[in-house]
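Here are some exercises to work through with the model open beside you. Try each task on your own before reading the solution.

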Amino acid sequence: MTNDTLKKPLPNEEEQRDFYQKLRYKIHNWVESKDGKGSKFLKYVLFAPDFFHLLMKMMLDSRINSKSKSMIGAGILYFFAPVDLLPEVLVGPAGFADDVVVAVYIVNSLLNKYPKEIVASHWAGDEDLLMVVSRLASTGNKWASRLPAGKMVKRFLK
């Protein structure tokens, strides 16, 4: 991702809602399929809609500073990026695994910077946010640090 990508405006509320609903629908159908049930990416993909929602809500939170919002924006754009480590066009919903890894990396960084109550107040998932992040971060942080968005996050944290 280039700096030009970060300057693009975020999708409007309707586009966000449409993307979220399409994402949930795709993932639900994939999870029910034979490919989804046997996928090694299942534990990541299931959380894609929830992490997308969390990033969008945090972007609108006035308690989050602009430097952190730049990092959040990079994560949101990664969900929309047609070309990434696991392109959804080629691998289907399993391609959202890398998007979740980037989101977990960002959320984990935000949890280290802000009170957990601020971040958790936007979480729409069924499980406890801290438990989800802890479980996914152990394997995901190593992977995310190698992705372009993960490198951008590191740059913003300096």
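The exercises below concern a predicted model, and each comes with a worked solution.

**Exercise 1. The overall make-up**

Task: Work out how many helices and strands the protein chain has, and what share of its residues is buried.

Solution: Start with the secondary structure. The protein chain has eleven helices and zero strands, so the order of elements from the N terminus reads α-α-α-α-α-α-α-α-α-α-α. Next, turn to burial: of the 158 residues in the protein chain, 49% are buried. Finally, look at the contacts with a separation of 6 or more: 71% of them join residues 24 or more positions apart.

**Exercise 2. Two helix lengths**

Task: Compare the expected span of α6 with the distance between its end C-alpha atoms, then repeat this for α8.

Solution: Take α6 to begin with. The expected span is 1.5 Å times one less than the number of residues. With 15 residues, α6 should span 21 Å, and because its end C-alpha atoms are 21 Å apart, the two values agree. Now take helix α8, residues 96-113: its 18 residues should span 26 Å, and its end C-alpha atoms are 26 Å apart, which agrees. While you are at α8, check its burial too: 15 of its 18 residues are buried, so this helix is mostly covered.

**Exercise 3. The packing of α5 and α6**

Task: Describe how α5 and α6 pack, giving the angle and the axis distance, and list the residues that meet.

Solution: Two quantities are needed, because a pair of packed helices is described by the angle between the axes and the distance between them. For α5 (residues 48-59) and α6 (residues 66-80), the angle is about 145° and the axes are 9 Å apart. The handedness comes next: α5 and α6 make a left-handed crossing. Then list the partners. From α5 come Ala48, Phe51, Phe52, Leu55, Met56, Met58 and Met59, and these meet Lys69, Ile72, Gly73, Gly75, Ile76, Phe79 and Phe80 of α6. Sorted by class, this contact between α5 and α6 holds eleven nonpolar, two polar and one charged residues.

Two further details complete the view of α6. Its buried residues include Ile72, Gly73, Gly75, Ile76 and Phe79. At its N-terminal end, Asn65 acts as a cap, with a side-chain oxygen 3.2 Å from the backbone nitrogen of Lys67.

**Exercise 4. Two residues of α5**

Task: Decide whether Asp50 is buried or exposed, do likewise for Phe52, and find the contacts of Asp50.

Solution: Asp50 sits in helix α5. Its relative accessibility is 9%, so Asp50 counts as buried, the cut-off being under 20%. Setting aside neighbours within four places in sequence, Asp50 contacts Tyr20, Arg24, Trp123, Ala124 and Gly125. Phe52 is also part of α5, and because its relative accessibility is 1%, Phe52 counts as buried. As a last step, compare Phe52 with Leu23: they are 29 residues apart in sequence, while their C-alpha atoms are 9.3 Å apart.

**Exercise 5. Asp61 and Gly36**

Task: Locate Asp61 and Gly36, and name the residues that Asp61 touches.

Solution: Asp61 belongs to the loop between α5 and α6. With a relative accessible area of 6%, Asp61 is buried. Not counting residues up to four places away in sequence, Asp61 touches Lys69, Ile118 and His122. Gly36 is in helix α3, residues 34-37, and is buried, with a relative accessible area of 0%. Beyond its neighbours within four places in sequence, Gly36 contacts Trp30, Val31 and Leu42.

Notes
Residues numbered from 1 in each chain as written. Predicted model: local features only at pLDDT ≥ 70, side-chain atom pairs only at ≥ 80, totals over all residues. Heavy atoms only, no water. Axes fitted to C-alpha atoms, helices over the stretch in contact; angles between N-to-C directions. Helix = DSSP H or I, 4+ residues; strand = E, 2+ residues; numbered from the N terminus. Left-handed = near helix turned anticlockwise from the far one by under 90°. Contact = heavy atoms within 4.5 Å. Nonpolar A, V, L, I, M, F, W, Y, C, P; charged D, E, K, R; others polar. Buried < 20%, exposed > 50% of the residue type's maximum accessible area, 1.4 Å probe, protein only. Polar contact = N/O pair within 3.5 Å; in protein donor to acceptor, adjacent residues only side chain to side chain.
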